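The following exercises ask the reader to work through a protein chain from its sheets to its helix and its disulfides. Each task is followed by a solution in steps.

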Amino acid sequence: MASSPRRTVVCSVLPLLLLLAGAARAAGNFYQDVDITWGDGRGKIVGGGDVLTLSLDRASGSGFQSKNQYLYGRFDMQIKLVPGDSAGTVATFYLSSQGSAHDEIDFEFLGNASGQPYTVHTNVYSQGKGGREQQFRMWFDPTADFHTYSVVWNPTHILFYVDGTPIREHRNREAATGVAYPRSQAMRVYASVWDAEEWATQGGRVRTDWSRAPFVASYKGFAASGCASQDAAACARSNGAWMYQELDATALDRLQWVQKNYMIYNYCTDTWRFKDGAPPECATK
């Protein structure tokens, strides 16, 4: 990558690009793109392949994974979350490799009692180590309609977007801090709905009301644009726009707006958890 001229994607136009790309994303078909991997029939592809629903009841949740693996790319999913009293439930959209030293990039949506807001939980794992949580409320009702959740992953940045607005930036600081960055393990895209009543809602104080089951989340518009080769060196030379994407000044302003008004937890500022000081990557963010 060092031999290629660096190009910066102007991310303030991402909302427009998302709209322009809508037709291409809509052409994605769950029959072709994913495998339903668990749930004993609780995951269903409907609408000719345009929509996939995942449900949870007392016996089991459900989930699916992408047929392809990727090393860097951009990944979009439109999700309509479980409506009503969703306490104790978790819906997910994430990337992960396999094994105890896996890499992972997470969107998790923690349900709540009726009338209370969802918590959008994000995390980044590298070499099996996570604990890099940031949590947000949304500025809309994520159960009323579909909204687009996106991850951009390249050698220097991991970017989280909601409807084209950046909510989190995780930079590769490995050279400066020694903290590993996901850069060598291919990942599949996963989604699931599962029971986490022991911790998901208000630390487990509010449990799942199973009389309201099944709990159903709907997914559509899955789009994955990335390097599907298993050759890490080849993927590091990819020339997709996502390989050079970072936040420009306008996008950084939007990020700061979200983090000022809607962030409810940041591991970097958790002095109770990190009594001896914040993790090393936080000092250089």
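**Exercise 1: The sheet containing β14**

S62 stands opposite V193 in β14. The model is a predicted one.

Task: Establish which strands β5 pairs with, and place β5 in the order of its sheet.

Solution.

Step 1. Strand β5 (residues 62-70) and strand β14 (residues 187-195) run antiparallel and are joined by 6 bridges.

Step 2. β5 also pairs with β2, in the antiparallel sense and over 4 bridges. Here D35 has Q65 of β5 as its bridge partner.

Step 3. These pairings belong to an open sheet of 8 strands in the order β2-β5-β14-β7-β8-β9-β10-β17, with antiparallel pairing. The edges are taken by β2 and β17, each of which has a single partner strand, so one side of each lacks a neighbour in the sheet. On average, neighbouring strands of this sheet are turned by 15° against each other, direction ignored.

Step 4. Further along the order, strand β9 (residues 119-125) pairs with β10 in the antiparallel sense over 3 bridges. In this pair, T122 stands opposite Q134 of β10.

**Exercise 2: The sheet of 7 strands**

Task: Determine which strands stand at the edges of the open sheet of 7 strands, and why one side of each is left without a neighbour.

Solution.

Step 1. The order of this open sheet is β3-β4-β15-β6-β11-β12-β13, and the pairing is antiparallel.

Step 2. β3 (43-46) and β13 are the edge strands; each has a single partner strand, so one side of each is left without a neighbour in the sheet. Between neighbouring strands of this sheet the average turn is 20°, direction ignored.

Step 3. The partner of β13 can be examined in detail. Strand β12 (residues 157-162) and β13 form an antiparallel pair over 6 bridges, and I158 stands opposite H170 in β13.

Step 4. The loop between β2 (34-38) and β3 contains D40. This residue has 75% relative accessibility; because the cut-off for exposed is over 50%, D40 counts as exposed. The C-alpha atoms of D40 and S60 are separated by 8.2 Å, although the two residues are 20 apart along the chain.

**Exercise 3: The two sides of α6**

Task: Identify the buried and the exposed residues of α6, and state which strands the buried residues pack against.

Solution.

Step 1. Helix α6 (residues 249-261) has 13 residues. From its first C-alpha to its last it reaches 18 Å, close to the 18 Å expected at 1.5 Å a residue.

Step 2. A251, L255 and V258 are the buried residues of α6. They cover an arc of only 65° around the axis, which puts them on the same side of the helix. The general principle is that an α-helix has 3.6 residues a turn, so residues three or four places apart point the same way.

Step 3. The other side of α6 carries the exposed residues A249, D253, Q256 and K260.

Step 4. The packing partners of the buried residues are β10 (134-136), β13 (165-171) and β17 (263-266). Of these, β10 and β17 occur in the sheet of 8 strands, whereas β13 occurs in the sheet of 7 strands.

**Exercise 4: The disulfides**

Task: How many disulfides does the structure hold, and which pattern do they follow along the chain?

Solution.

Step 1. The structure holds 2 disulfides.

Step 2. One joins C227 to C235, with an S to S distance of 2.1 Å. An angle of -75° about the S-S bond makes this link left-handed. C227 is buried, with a relative accessible area of 11%, and C235 is buried at 0% relative accessibility.

Step 3. Another joins C268 to C282, with S to S at 2.0 Å. The torsion about its S-S bond is about -75°, so this disulfide is left-handed. C268 counts as buried at 17% relative accessibility, and C282 counts as buried at 13%; the cut-off applied is under 20%.

Step 4. With bonded cysteines counted along the chain, the pattern is 1-2, 3-4.

**Exercise 5: The chain as a whole**

Task: What percentage of the residues of the chain count as buried, and how many helices and strands are there?

Solution.

Step 1. The chain has 6 helices and 17 strands.

Step 2. Of its 285 residues, 52% count as buried.

Step 3. Among contacts between residues at least 6 apart in sequence, 69% join residues at least 24 apart.

Notes: Residues are numbered from 1 along each chain as its sequence is written. This is a predicted model: local features need pLDDT of at least 70, side-chain atom pairs count only at pLDDT 80 or more; totals for chains, interfaces and linings use all residues. Side-chain values use heavy atoms; hydrogens and water are left out. The expected span of a helix is 1.5 Å times one less than its number of residues. Buried means under 20% relative accessible area, exposed over 50%, partly exposed in between (1.4 Å probe, protein chains only). The arc is that of the directions from the helix axis to the C-beta atoms. Contact means heavy atoms within 4.5 Å. Two strands pair if DSSP finds at least two bridges between them. Axes are lines fitted to C-alpha atoms, for helices over the stretch in contact, and angles run from 0 to 180 degrees between N-to-C directions. A disulfide is a pair of cysteine sulfur atoms within 2.5 Å.
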